[in-house]
Amino acid sequence: MLSIKKYAAIDIGSNAVRLLISNIIEQKGKPVQFKKSSLVRVPIRLGADVFIKNKISKENTQRLLDTMLAFRLLMKSHKVVKYKACATSAMRESVNGKKVVEMVLEQAGVSIDVIDGEEEAAIIAATDINKYIDNSKTYLYVDVGGGSTEFTVIHNGRQIASRSFKIGTVRLLNDMVKKETWQELETWIVMNAKGYEKIRVLGSGGNINKIFKISGKALGKPLTYFYLTSYYNTLQSYSYEERITELDLNQDRADVIIPAMRIYLSAMKWSGAKHIYVPKIGLADGIIKSIYYDTVSSNTQ
């Protein structure tokens, strides 16, 4: 017997807000399948408000309300049976974050969970990652966001260490990452990678997905440290305007792509990785999985 349900994940990040709708396909005797049905991305950039002024502006509050209302209607049109909305560093650090969450529930009918960095790392690490890794190898999983980046060391298919750092693309754009934070990250990566002979980086986030697409590499093939360094230097040789007009990057991607690459390259350098794999998974995928497994566990209790 075949059962297909639709679940939705809303990821309210510091750079963009995303709605992922997935088909959950269950068939007796077969493992459950999670198939993407629709993905909508709106670049609100809440972090630009929060990391400078500590609060979400009136304009961006209204944009978020409009977006959540649109997402709710899209979920209704798609006949979504369950959803979960998670907000990350911008919302948790803003002084009016709680008030904004209440307004979204009241005016748009969407309930938002504000999650901490460790929970964010755990949700991301619980994605379909095993489909993309070789269980006999060691990986450093790097998920770059606008406000923070989550790092997870995976060895023989198991999570060994996981940590969130307040180093994100929007923070870096606004020159808001202290030297000590970079040093702390370097120490953490070196310490957690030193016991392994060869480590590979797994990169997730919109920026690395874009770079991978531009590279023309086949899915499953890695990008090299040399390629990433070369492309990083190429991007820096263009102005912001030229990256939009000549390199065909969206305006909300053309500025954050450089700080994102700095994070990936630093992670590769400090871990000694020569290759980065891009599995195209992130927080929204993890949220879908968490809804499903929470539902399964509550049904079996």
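Before you click anything, one definition: an axis here is a line fitted to C-alpha atoms, for a helix over the stretch in contact, and angles run from 0 to 180 degrees between N-to-C directions. Also keep in mind that you're looking at a predicted model.

**Stop one: a pair of helices**

Two packed helices are described by the angle between their axes and the distance between the axes. Select residues 206-215, which form helix α8, and then add residues 225-236, helix α9. These two pack at an angle of about 100 degrees, and their axes are 12 Å apart. Angles of 65 to 115 degrees count as roughly perpendicular, so that's the label for α8 against α9.

Now show the side chains where they touch. On the α8 side, pick Ile208, Ile211, Ile214 and Ser215. On the α9 side, pick Tyr227, Leu228 and Tyr231. Sorted by class, this contact has six nonpolar residues and one polar residue, with no charged ones.

**Stop two: Asn54**

Most residues other than glycine have a negative phi. Jump to Asn54 for a residue that isn't a glycine and yet has a positive phi, about 65 degrees. You'll find Asn54 in the loop between α1 (46-53) and α2 (58-77). Try a surface view here: Asn54 is partly exposed, with a relative accessible area of 43%.

**Stop three: Asp248**

Next, select the loop between α10 (240-245) and α11 (251-254), where Asp248 sits. Asp248 isn't a glycine either, and its phi is positive at about 60 degrees. Is Asp248 buried or exposed? With the cut-off for exposed set at over 50%, Asp248 counts as exposed because its relative accessibility is 63%.

Notes. Residues numbered from 1 in each chain as written. Predicted model: local features only at pLDDT ≥ 70, side-chain atom pairs only at ≥ 80, totals over all residues. Heavy atoms only, no water. Helix = DSSP H or I, 4+ residues; strand = E, 2+ residues; numbered from the N terminus. Parallel < 35°, antiparallel > 145°, perpendicular 65-115°, else oblique. Contact = heavy atoms within 4.5 Å. Nonpolar A, V, L, I, M, F, W, Y, C, P; charged D, E, K, R; others polar. Buried < 20%, exposed > 50% of the residue type's maximum accessible area, 1.4 Å probe, protein only.
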